[in-house]
Amino acid sequence: MKDTSSHTTDKNIVLFPKTLDFYQIQLTVMLENERYAEAMNLLEFLLQCQGQDQRNYEEWAALLEWLKAAFPQYISADDNNPVPEEEDEIESEEDLARQNAKNKLAEDGDYANKLLRILKEEPLSEQTMLALDQLAYVDVPSVDESLREWIEHSRLHPLLQFRVLQTLRKRGADFHVTLQRGTEKVEVEIETVPLKPEDFPHAVLRILERVAEQTEVHEPTLFYFAQELWSQYIMAVFGTSDYRSMLEGDESMLDMWAAALHAAVAESLGGSHNEEEIRTVYGITSEVRFRFEQAYRSIKQFVSGGLGTK
């Protein structure tokens, strides 16, 4: 469970523009879809970031205060301890979204094409994400191929790529796509795309658990940021050789990734940290030292808004 009680103002992580833009867009989408627990967690995270306009901090703080007052039942909820929801309520939400898309399509036969134009022609914004959410339920078969062509032939931010993959999964697509992810060309089977954080393979989840074992009690701030960063990073590298190494490696490979995540977050927070000590804690031997350095650089590159995006 995320612990925000020990956040400090002298330990702040820097988010570069491309990554921060996605957090802002995700926040809007969370609010549009009444995902208040996730929105609160994200606002707590953003308030700890440095280097942003003071106006942003004031808006985030005011929004967080309002959400806590309006929806106190969501304050202690997160991905690992969500507010209980009945399965039929979740299905009802999907049914409502599907019926809403059906109604809009009946009113406007060009509705699907309008949503696609928002994706392909307009600047990245919250409307981009909302269009993807709506396209997941539009019953127009040609949308699958349009999304496939777009993602395969356009240079997109890796997080936007992943959201498109999730939209195709929600639509029930059963094909594979070949796309550029960073410096790699990867092939992704749509049916393997996780829709929720807990849908990722156990090995991926175990990496964060290893970091929790080392930091949750004595360094809760570091663990909090590690949770946020890891959830974004694994979406950004899904399907790549880095991602496959998490699934195909042994326990030492999971320790290596956990150590790299720990070291990357510790450096980003700006506090003192001893990389050699971190490697020792996770049992990183000379045999995997080189892979540790590679994993560490990959995570740091994502934090700085890289991974091969424009």
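Me: A residue counts as buried when its relative accessible area is under 20%. In this predicted model, why is Thr215 called buried?

Reply: The relative accessibility of Thr215 is 0%, and the cut-off for buried is under 20%, so Thr215 is buried. This residue belongs to helix H9, which covers residues 202-215. Leaving aside residues up to four places away in sequence, Thr215 touches Pro220, Leu222, Phe223 and His262.

Me: What makes the approach of the Thr215 side chain to the backbone oxygen of Val211 a polar contact?

Reply: The distance from the Thr215 side chain to the backbone oxygen of Val211 is 2.8 Å, and a polar contact asks for N or O atoms within 3.5 Å, one able to donate a hydrogen and the other to accept it. The value falls within that limit, so the pair fits the distance part of the definition.

Me: Why is the meeting of Lys68 and Glu44 called a salt bridge?

Reply: The side chains of Lys68 and Glu44 come to 3.0 Å, counted from N to O, and the definition asks for a side-chain nitrogen of Lys or Arg within 4 Å of a carboxyl oxygen of Asp or Glu. Both the residue types and the distance fit, so the name applies. Because Lys68 sits in helix H3 (residues 54-70) and Glu44 in helix H2 (residues 36-47), the pair ties together parts that are 24 residues apart in sequence.

Me: Are Lys68 and Glu44 buried or exposed, and what makes the difference?

Reply: Glu44 has a relative accessible area of 14%, which is under 20%, so Glu44 is buried. Lys68 stands at 31%, which lies between 20% and 50%, and therefore counts as partly exposed.

Me: How do you know that Glu267 and Lys300 form a salt bridge?

Reply: The closest N and O atoms of Glu267 and Lys300 are 3.7 Å apart, and since the limit is within 4 Å, the pair qualifies. Glu267 lies in helix H12 (residues 251-268) and Lys300 in helix H14 (residues 289-303), so this bridge joins parts that are 33 residues apart in sequence. With 37% relative accessibility, Glu267 is partly exposed, and Lys300, at 21%, is partly exposed as well.

Me: How many salt bridges does the structure hold?

Reply: There are 16 salt bridges in the structure. Among them is the one between Lys114 and Asp108, whose closest N and O atoms are 2.6 Å apart. Glu145, Arg148 and Glu152 are also linked, in a network of salt bridges.

Me: Which classes of residue make the contact of H2 with H3?

Reply: The axes of H2 and H3 are 10 Å apart, and the helices pack at an angle of about 145°. Residues in this contact include Leu43 and Glu44 of H2, together with Trp60 and Lys68 of H3. Leu and Trp count as nonpolar, whereas Glu and Lys count as charged, and by these classes the contact has twelve nonpolar, no polar and two charged residues.

Me: What makes up the contact of H2 with H10, by class?

Reply: H2 and helix H10 (residues 220-236) pack at about 115°, with axes 11 Å apart. The contact is formed by Asn41, Glu44 and Phe45 of H2 with Tyr224, Phe225 and Glu228 of H10. Phe and Tyr count as nonpolar, Glu as charged, and Asn, being among the others, as polar, so the contact has three nonpolar, one polar and two charged residues.

Technical notes:
Residues numbered from 1 in each chain as written. Predicted model: local features only at pLDDT ≥ 70, side-chain atom pairs only at ≥ 80, totals over all residues. Heavy atoms only, no water. Helix = DSSP H or I, 4+ residues; strand = E, 2+ residues; numbered from the N terminus. Buried < 20%, exposed > 50% of the residue type's maximum accessible area, 1.4 Å probe, protein only. Axes fitted to C-alpha atoms, helices over the stretch in contact; angles between N-to-C directions. Contact = heavy atoms within 4.5 Å.
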